[in-house]
Amino acid sequence: MFNGILNVRKEKGFTSHDVVAKLRGILHQKKIGHTGTLDPAAEGVLPVCLGSATKLVEFLTDRSKTYRAVLLLGVETDSQDMTGTVLRTQEVCCSEEELRAAAQSFVGGYNQIPPMYSAKKQGGKKLVDLARQGITVERPAHRVDISDIRLEEIALPRAVMTVNCGKGTYIRTLCHDIGEKLGCGGAMEALLRTRVGSFRLEDAYTLSELEVAMQAGEIEDKIVSIEDCLGLYPARKALPEADAKLKNGNTVAETVIENGTDENGTLVRLYLSDGSFVGLFQKRGRQYWAEKMFLERGDA
């Protein structure tokens, strides 16, 4: 079984679940999970976790992301992108300067209402399932973090923009909200995700490329190790007397961890005294507590 992360370039027409299903066939293993949904019409970076790396999904979904989107002004749809039904069209009268000002007003974050056509659940049901039944419900707004919006090209009524944002941001909703602020409406015409954390588009592989690599026996060269993926967390090594406890995922005192003087709440990569990777631990008080274990029984 393969363990690690594949940086997949999702192509248009595939759902994120389609990517997982196809990879299960290519790699001949079931334990695979994606790290965040991309709409079928969208393309770009989709990190996929294999084997024990599926424990990383929650950590990867929290990473910042970068998107390149095409905003089409003067149109509103029920899905907030051009795959949906057009609800209304309006003349676009804004200037480039007004468009830039409207886009910049969302930098720093805002309270965003998720679209009805989304996988977000409310009352135990996916909003998209309700939308397909013609049901619209009130959705609470949630805070989204947008650190940067750059308008790369403007040829009204279209504009190409690059957005750096945090978890849970709907780019098509951002397009809709920019259009609403300008008074002419707006929808997303195209979307390319170029980055998720440290995973970048230029390093991503299509499903066909991964299938060729698997057949050639070169798939492991494409897999990012769990340790590499967690490289942003500091590494700490245990003293020999802590090894037995760590192998069982038990809490250990800071006194048996080399350089165990981390601040309270810090997440670290912990290793046995022989250098074997154990997992992610969090410093709480004067102890380190297991958050995610990656050392399987019998590995050390």
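**Notebook: a helix, its surroundings and four loops**

I began at the end of α5, where the residue that follows is Gly183, with a positive phi near 85°. Here a helix (H or I, at least four residues) or strand (E, at least two) is a DSSP run, numbered from the N terminus. The model is predicted, so I accept local features only at pLDDT of at least 70 and side-chain atom pairs only at pLDDT 80 or more, while totals for chains, interfaces and linings use all residues. Residues are numbered from 1 along each chain as its sequence is written, and side-chain values rest on heavy atoms, without hydrogens or water.

**Entry 1: the whole chain**

I counted 8 helices and 20 strands in the protein chain. The C-alpha trace spans about 70 × 45 × 40 Å along its principal axes. Of the 300 residues, 49% count as buried (under 20% relative accessible area; exposed is over 50%, partly exposed in between, with a 1.4 Å probe and protein chains only). I then looked up contacts (heavy atoms within 4.5 Å). Among contacts with a separation of 6 or more, 65% join residues 24 or more positions apart.

**Entry 2: helix α5**

I returned to α5, which has 12 residues. From its first C-alpha to its last α5 reaches 17 Å, close to the 16 Å expected at 1.5 Å a residue (1.5 Å times one less than the number of residues). How many residues of α5 are buried? I found 9 of the 12, so the helix is largely enclosed by the rest of the structure. The buried residues include Ile171, Leu174 and Ile178, and also Arg172, His176 and Asp177.

**Entry 3: nonpolar cores**

I next looked up the largest nonpolar core (buried Ala, Val, Leu, Ile, Met, Phe, Trp, Tyr and Cys joined through side-chain atoms within 4.5 Å). It has 28 residues, and Leu99, Ile149, Met161, Val163, Ile171, Leu174 and Ile178 touch the most other members. Two or more residues come from each of β4, α3 (96-104), β11 (146-155), β12 (158-165), α5 and β13. I followed Leu174 outward, leaving out residues up to four places away in sequence. Leu174 touches Phe106, Tyr110, Gln112, Ile146, Ile149, Met161 and Val163. Another core lies apart from the largest one and has 20 residues, among them Leu56, Phe199, Leu230 and Phe294. For background I noted that nonpolar side chains tend to be buried together in soluble globular proteins.

**Entry 4: two pockets**

A pocket is an open set of points on a 1 Å grid over the protein atoms alone, where a 1.4 Å probe fits, with protein on both sides within 12 Å along at least five of seven lines; lining residues have an atom within 4 Å of a point. Points are joined across faces, edges and corners, and volume is the space filled by probe spheres set on them.

The largest pocket holds about 1,000 Å³ of space. Its lining has 37 residues, and those closest to its centre are Thr37, Leu38, Asp39, Ala119 and Tyr170. I listed the elements that give two or more residues to this lining: α1 (16-27), β4 (65-73), α4 (127-132), α5 (171-182) and β13 (186-196).

The second largest pocket has a volume of about 380 Å³. Of its 21 lining residues, Asp78, Gln80, Met116, Arg139 and His176 lie nearest its centre. At least two lining residues come from each of β5 (75-77), β6 (86-89), β7 (110-112) and α5. I recorded that α5 thus contributes to the lining of both pockets, and that its residue His176 is buried.

**Entry 5: backbone angles in loops**

I looked for departures from the usual backbone. Most residues other than glycine have a negative phi, and most peptide bonds are trans.

I found a positive phi of about 60° at His28, which is not a glycine. His28 lies in the loop between α1 and β2 (32-34) and is exposed, with a relative accessible area of 65%.

Gln80, also not a glycine, has a positive phi of about 70°. I placed Gln80 in the loop between β5 and β6. Is Gln80 buried or exposed? At a relative accessible area of 9%, Gln80 is buried.

The peptide bond from Leu156 to Pro157 is cis, with omega near 15°. Pro157 sits in the loop between β11 and β12.

**Entry 6: Arg286**

My last loop joins β19 (277-284) and β20 (287-293), and Arg286 is found there. Arg286 counts as exposed at 66% relative accessibility. Which residues does Arg286 contact, leaving aside neighbours within four places in sequence? I found Val252, Ala253 and Glu254. Arg286 and Gly260 are 26 residues apart in sequence, and their C-alpha atoms are 8.7 Å apart in space.
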